[in-house]
Amino acid sequence: AWHTLEFTVGFSNALLRIDGNPTPTDAVDFAFPQEGRFLSLGAGLDGEIRNARVSAPASRTTNGTPIAWLRNHDLTTDAFDPDSDGYQTMEEYIGATNPTNGLDYPRLEISADGLAFATASNRLYEILGADQLASNQWNSATNFSGRGIHEALPLGTNHFYRLQISIP
C-alpha cells in the first residue's frame, strides 16, 4: 500500500506524519554533523520505510549564527574566538562586529558626551547600571533599537554600566 508522508522540519525539531497521523517520537531522530543537519527515519516505524534519510543544508548553526555570515568571514564555526578579543564568533555576530578583527568588538566607552558605543540598525541595545559590583544588582538604564550609528548617552547616577545586545 502507498502512504502519504509529510515532513515538517524546524530549527531543532521534526515531525513526520504518515497519512496525516504523527509517527512515534522515537521514529524521528536528529543528528548535527559538522556539514549540516540530518533527519533520520526508521526506528519504531513498521512497513516499507527502512533507514530513509532526508537531508537539507543548515542555514544557521545551533547557536543561531547564519552559515552565510560565517562564510563571509572565512569561518566554519561560531564557537571560538579567532581574533582573540575575548568574544566568541557567535557573540560578534550578535554584536554586529567583525570576528576576525581583534579591534572590533562590542564595547562601551566613556566620551565627553557620556557612554559611547557603535550600533547596528538590526539590533536591540540595553544599558544596565549598578551602584556597586558586589551586589550584582543591575537595573535597566535605557533600551532602544540600534540606528546604525555611533550613539552617545549621558551618564546617569550609576558607577558601573553593562551593555547587552540582542537580535529582535
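Read along the sequence, this protein follows the pattern β-β-β-β-β-β-α-α-β-β-β-β-β-β. That makes 2 helices and 12 strands. Both kinds of element are DSSP runs, numbered from the N terminus: helices are H or I with at least four residues, strands are E with at least two. The model is predicted, so local features need pLDDT of at least 70 and side-chain atom pairs count only at pLDDT 80 or more, while totals for chains, interfaces and linings use all residues. Residues are numbered from 1 along each chain as its sequence is written, and side-chain values use heavy atoms, with hydrogens and water left out.

Take the whole protein next. Buried residues make up 29% of its 168 residues. Here buried means under 20% relative accessible area, exposed means over 50%, and partly exposed lies in between (1.4 Å probe, protein chains only). The accessible surface comes to about 10,800 Å², and 49% of it belongs to carbon and sulfur atoms. Such areas come from the Shrake-Rupley method with a 1.4 Å probe; for residues, only the protein chains shown count as cover. Contact means heavy atoms within 4.5 Å. Of the contacts with a separation of 6 or more, 43% are between residues 24 or more positions apart.

Now look at one sheet. Strands of a sheet pair through backbone hydrogen bonds, either parallel or antiparallel. Two strands count as paired if DSSP finds at least two bridges between them. In this open sheet, 3 strands lie in the order β10-β9-β12, and the pairing is antiparallel. β10 and β12 stand at the edges with a single partner strand each, so one side of each has no neighbour in the sheet. Neighbouring strands of the sheet are turned by 20° against each other on average, direction ignored. The axes behind that angle are lines fitted to C-alpha atoms, for helices over the stretch in contact; angles run from 0 to 180 degrees between N-to-C directions.

Strand β9 covers residues 124–130. Because 5 of its 7 residues are buried, β9 is largely enclosed by the rest of the structure. It pairs with β10 (residues 139–145) over 6 bridges. With β12 (residues 160–166) it shares 7 bridges. Leu128 has Ser140 as its bridge partner in β10, and Leu128 also stands opposite Arg162 in β12. Glu126 is matched by Gln164 in β12.

Tyr161 sits in strand β12. Beyond residues up to four places away in sequence, Tyr161 touches Leu108, Leu115, Ile127, Leu128, Gly129, Trp138, Leu155 and Gly156. Tyr161 and Ser140 are 21 residues apart in sequence and 9.6 Å apart in space, C-alpha to C-alpha.

Another pairing joins β8 (residues 114–118) to β11, antiparallel and over 4 bridges. Ala116 finds its bridge partner in Ala152 of β11. The side chains of β11 (residues 150–153) alternate. Glu151 and Leu153 point to one face and are buried, whereas His150 and Ala152 point to the other and are not.

Finally, turn to the loop between α2 (89–95) and β7 (109–111), the place of Thr97. Thr97 counts as buried because its relative accessibility is 9%. A polar contact of 2.5 Å joins its side chain to that of Glu92. Such a contact is a pair of N or O atoms within 3.5 Å; within protein, one must be able to donate a hydrogen and the other to accept it, and residues adjacent in sequence count only if both atoms are side-chain atoms. Leaving aside neighbours within four places in sequence, Thr97 is in contact with Trp69, Glu92, Asp104, Tyr105 and Pro106.
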